[in-house]
Amino acid sequence: MTSAVAQSAEKRFDRPTIEDYLFHEAELLDSGRWSEWFNLFTDDAYYWVPAHPGQKDPYNEVSLIYDDIATLQVRVNRMNHPAHHANQPAVLGAHHISNVRLLSAINGECRVASRLLMVDRRGDALRIFSARVEHSLRLFEGRIRIAWKKVELLGAEGPHEELVIPF
Amino acid sequence: MGVLATTLPSDLVQSQRVRAAVYTDPAIFNLEMDRLFGRAWLFVAHESQLRNPGDFITTRLGRVPVVATRGTDRTIHIVENRCGHRGAVLCPARSGTLAHAIFQCSYHDWTFHCDGRVRSVPARDGYDFERRRDDFALRRVPRVDLYRGFIFASLATDGPDLRTFLGFLTTALDDLIDRAPDGEIEFAGGCYRHTTPSNWKLQIENLNDLSHASATHRSSVAVVDTVTKPMPAPPIGVHRAAGLRVNGAPLSTMDQLGVRAFARGHSFIGGLPRPPRSGPVMDEYRRRLEKRHSKSEVDRILSVDRHLNIIYPTLLTQGMIGIVKVLTPLAPDRTETTVWPVRFKGAPDELFHYTIRGIANSNSVANFTLPDDLAMYRRCQEAVAANPGAWIDFSRSAGEEVPDNDGGFRGRGLNEMSIRNAYRAWLDYMEHAA
């Protein structure tokens, strides 16, 4: 990426733009637009939900989720499948984003920290999840895309019941 | 406690079916805690989790909270996790290290040795302490024994020893340990913990059951073919898509896999039809195993092909991939499950990465297999709760199993003999007062 492009990218990464982007992502997840959510990710992206606080490594320690783009596609394509039993009846989610902070912006890529409060409704029960989320966002073909997303759940170590809606 | 606390209702368990009450009745659950979990050898921890003096793990044996430690003499001790003074929990954490290998109760500062003996009491002059010292000791679990690093305990003073209890299923643990080129395994990489509002026996029955996979896991099999993004080839020659497709094997294929069942409720099922592992990493792994064993012994070790072993009632193992799973019943309708990846010490790192990826596929509540099973447990529990008298059937291929050469029985993959076998053991424990 040329430095001129990088500079214009970094200008794009101001907080209002980033917040709008995270709110848009939340809207896609809350309205079940799984394919559109999937299309936010770059082809080399990963989506990581560690299973332990402070976990450094997805290869030598278990994670609740560690998806590359192909596995993420399995995930989103399964959401609409009628035999996704844990999603029958469909689990509904509401993602609340706050505490958005731009951590760095360099070479056309920025890192953003936020807090997530997700409420899901499964059967008759509401559950609440809280997480610190970090996104790496990249300007690609004029659009902001997700290069990676890491979700550090409060109580990541469980015990958990089924988790259906992506964070 | 009700009448059922001492006697089991007649007509509850037949050889090929059980009443739904076995999953729902609190009195039956209490009796299970006394007679089954109060008697069987239960897995507590692996030695690698208690590496140094003072390291501890807390868990439950039946309904009894216990803490396992390694003492300063390097011996493994298991005591009830309850202060000998006023009964507060001594170790509230799941695991950790005791300073100086001494328990210190946070309530009144009483201290205890790892083996349970009282070490110090802050205001002992108010007691006839020396005479009563043993009254205040932590309760030791009556029997503790190890099999090649696997620590087991029994709440019963008498009964078969651990080797006798395990019987042919020592091979389930051997199948994990023998795969380590250094001759040792370790529990590494953390663990998964999930919880389900359902009875523990539903998990035993599901894990014994080859006929559910193609139905319960249909969606994860179906979506594999919708993936357009490239899946990177893994280093040991088994394509990731194969791991997702395996549950979609037709019932006729599942029926070809053997099922084996043994005394005391133990069982295992044969390996699922997966492509063979190969490539440079597997070659290197084999070379490392051959430094320890003869070529023919390495052939034998790598040819053991079991999908899953059940050491009844709580321990489940998968040797080839390296997974240990433990059920902890908390209530008739609540079970906690812990799943550990196993590292074969001395094996190439890539093999452990494969274990981490495999255990994620099969045992994360957020991935593609386990949530569907948990949904089924939930549905079974909900429905049977309404009618405790309903019959639950597991009669498929009854009587077609034949004796094997190892003191057990063998049958075809879809034979529900392992479930019948588990209930035979269940009844044997439950009908006899401790």
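Mentor: Let's start with what counts as a ring pair: rings of Phe, Tyr and Trp pair if their centres lie within 6.5 Å. Keep in mind that this is a predicted model.

Trainee: Okay, so which residues do ring pairs link into a cluster in chain A?

Mentor: Tyr46(A), Trp48(A), Tyr59(A), Tyr66(A) and Trp148(A).

Trainee: And how many aromatic pairs are there over all chains?

Mentor: The count comes to 25. As for reading one, a pair of aromatic rings is described by the distance of the centres and the angle of the planes. Take Phe43(B) and Phe152(B): their centres are 5.9 Å apart with 75° between the planes, an edge-to-face pair.

Trainee: Where in chain B do Phe43(B) and Phe152(B) sit?

Mentor: Phe43(B) is in strand S3 (residues 42-46) and Phe152(B) in strand S12 (residues 150-154), so this pair links parts of the chain 109 residues apart.

Trainee: Are those two buried or exposed?

Mentor: Buried means under 20% relative accessible area. Phe43(B) has 4%, so it's buried, and Phe152(B), at 1%, is buried too.

Trainee: What about the pair of Phe187(B) and Trp340(B)?

Mentor: That one is tilted, 5.2 Å centre to centre and 35° between the planes. It ties strand S13 (residues 185-187), with Phe187(B), to strand S20 (residues 334-344), with Trp340(B), 153 residues apart. Phe187(B) is buried at 10%, and Trp340(B) is buried at 11%.

Trainee: Which ring does the charged end of Arg306(B) sit over?

Mentor: The ring of Phe268(B), 3.8 Å from its centre. Likewise, Arg17(B) lies over the face of Trp391(B), at 3.8 Å from the ring centre.

Note on methods: Residues numbered from 1 in each chain as written. Chains lettered and ligands numbered in written order. Predicted model: local features only at pLDDT ≥ 70, side-chain atom pairs only at ≥ 80, totals over all residues. Heavy atoms only, no water. Phe/Tyr/Trp six-rings, centres within 6.5 Å; stacked < 30°, edge-to-face > 60°. Helix = DSSP H or I, 4+ residues; strand = E, 2+ residues; numbered from the N terminus. Buried < 20%, exposed > 50% of the residue type's maximum accessible area, 1.4 Å probe, protein only. Lys NZ or Arg CZ within 6 Å of the ring centre and 35° of its normal.
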